[in-house]
Amino acid sequence: MLCAKFKMAEKSVPFVGKTEIGKEKVKKKITEKDINVQFLLSIGQKTTGTNEEIKERADLFRNQPKLTEFLEKEVKARKQTSNIFGRELDGSKIPLPQEPWKIGPFPTFTAKQLDQYAQSKLPGRKSMLEKGERFFNSRKIVTMRVLRKNDETWVRAWVKQSYGEVQRPAFVKFNKIGCAVGGSCTCTVGVSGLCAHVISVLYQLIHHTQTGTTKNL
Ligand SMILES: [Zn+2]
């Protein structure tokens, strides 16, 4: 008897729930607020406040088409740069040590690119950026090699740990148009694709780009 009751409840509860959710989806209409929020998002503005405040803010920008156009372009550009290091690299796709790694030339990477990247991806993580720069300045990078494979360019560097002589490899991947699209490192932070070791590699690449040095590392 108990079992039967339990079964009934199991059947009826999800059934009612699903129907209601389904109805809600069909019912939902695009409101004036939705339109205003969408518009404000497209120009990178706040979308908080009451319906009235949102409408007021949206109308304010609608009356300034030139400013709106400028902001829209900025938001689009920001979205593009935030694709850099958009996802962590698949470890199984990282080229193996026995592949024909070369001592250069390395892909171009500029301080401006790192700056853009830091603005879009690293707010509040300035310390990581500084740590990476310190690693570069204190010559923690022991060797750096480059590999071109299937339209992609890989940079691999052996980077010393904060203390001691232990080294670990850090990788940066560039896509076929030369954008840095991901990083990888075996340290605990590095699995997410971004750690001070990977950043130190970016600083090393900036140094190579600025000085045009071909000095082997
Ligand atoms: Zn690391």
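Where in the chain does Arg 139 lie? Arg 139 is placed in the loop between helix 6 and strand 1, in what is a predicted model. The protein has seven helices and four strands, and along the sequence these follow the pattern α-α-α-α-α-α-β-β-β-β-α. The points below treat the overall make-up, the sheet, the helix contacts and selected loop residues.

**Overall make-up**

- Of the 217 residues in the protein, 21% are buried.
- Contacts between residues at least 6 apart in sequence were also examined, and 58% of them join residues at least 24 apart.
- In the order of elements, six helices precede the four strands, and one helix follows them.

**The sheet**

- The four strands form an open sheet in the order 1-2-3-4, with antiparallel pairing.
- Strand 1 and strand 4 (180-185) occupy the edges; each has a single partner strand, so one side of each is left without a neighbour in the sheet.
- On average, and with direction ignored, neighbouring strands of this sheet are turned by 15° against each other.
- Strand 1 (residues 141-149) is paired with strand 2 (residues 152-160) through eight bridges in the antiparallel sense. Within this pair, Ile 141 stands opposite Val 159 of strand 2.
- Strand 1 and strand 2 make up a hairpin, with two residues between them.
- Strand 3 (residues 167-174) and strand 4 run antiparallel and are joined by five bridges. Here Val 172 is found opposite Gly 183 of strand 4.
- Helix 7 (residues 196-211) packs on the sheet and touches strand 1, strand 2, strand 3 and strand 4. The direction of helix 7 makes about 60° with that of strand 3.

**Helix 6 with helix 7**

- Helix 7 also meets helix 6 (residues 126-137): the two axes come within 7 Å and cross at roughly 60°.
- That angle makes helix 6 oblique to helix 7, and helix 6 passes helix 7 in a right-handed crossing.
- From helix 6, the contact is made by Met 128, Leu 129, Lys 131, Gly 132, Glu 133, Phe 135 and Phe 136.
- From helix 7, the contact is made by Ala 196, His 197, Ile 199, Ser 200, Tyr 203 and Gln 204.
- By class, the residues of the contact of helix 6 with helix 7 are seven nonpolar, four polar and two charged.

**Helix 2 with helix 3**

- Helix 2 (residues 32-42) packs against helix 3 (residues 51-62) at an angle of about 50°, and their axes are 9 Å apart.
- Helix 2 and helix 3 are therefore oblique to each other. Helix 2 passes helix 3 in a left-handed crossing.
- Glu 32, Lys 33, Asn 36, Val 37, Phe 39 and Leu 40 of helix 2 meet Asn 51, Ile 54, Lys 55, Arg 57 and Ala 58 of helix 3.
- The residues of this contact of helix 2 with helix 3 comprise five nonpolar, two polar and four charged.

**Loop residues with particular backbone geometry**

- Arg 139 is not a glycine, yet has a positive phi of about 55°. With 11 other C-beta atoms within 10 Å, Arg 139 is exposed, because a residue with 12 or fewer such neighbours counts as exposed.
- Asn 150 lies in the loop between strand 1 and strand 2, in the turn of the hairpin. Asn 150 likewise has a positive phi, of about 45°, although it is not a glycine.
- Asn 150 is exposed, with 7 other C-beta atoms within 10 Å.
- Gly 104 and Pro 105 are joined by a cis peptide bond, with omega at about -5°. Pro 105 belongs to the loop between helix 4 (65-81) and helix 5 (111-121).

**Ser 162 and His 197**

- Ser 162 is located in the loop between strand 2 and strand 3.
- Ser 162 has 13 C-beta neighbours inside 10 Å and so counts as partly exposed.
- Although Ser 162 and His 197 are 35 residues apart in sequence, their C-alpha atoms are 9.6 Å apart in space. His 197 is one of the helix 7 residues in the contact with helix 6.

How values were computed:
Residues are numbered from 1 along each chain as its sequence is written. This is a predicted model: local features need pLDDT of at least 70, side-chain atom pairs count only at pLDDT 80 or more; totals for chains, interfaces and linings use all residues. Two strands pair if DSSP finds at least two bridges between them. Axes are lines fitted to C-alpha atoms, for helices over the stretch in contact, and angles run from 0 to 180 degrees between N-to-C directions. Angles under 35 degrees count as roughly parallel, over 145 as roughly antiparallel, 65 to 115 as roughly perpendicular and the rest as oblique. A crossing is left-handed if the near helix is turned anticlockwise from the far one by less than a right angle, and right-handed if clockwise. Two residues are in contact if their C-beta atoms, placed from the backbone, lie within 7 Å. Ala, Val, Leu, Ile, Met, Phe, Trp, Tyr, Cys and Pro count as nonpolar, Asp, Glu, Lys and Arg as charged, and the others, Gly among them, as polar. A residue is buried if 20 or more other C-beta atoms lie within 10 Å of its own, exposed if 12 or fewer, and partly exposed in between; C-beta atoms are placed from the backbone.
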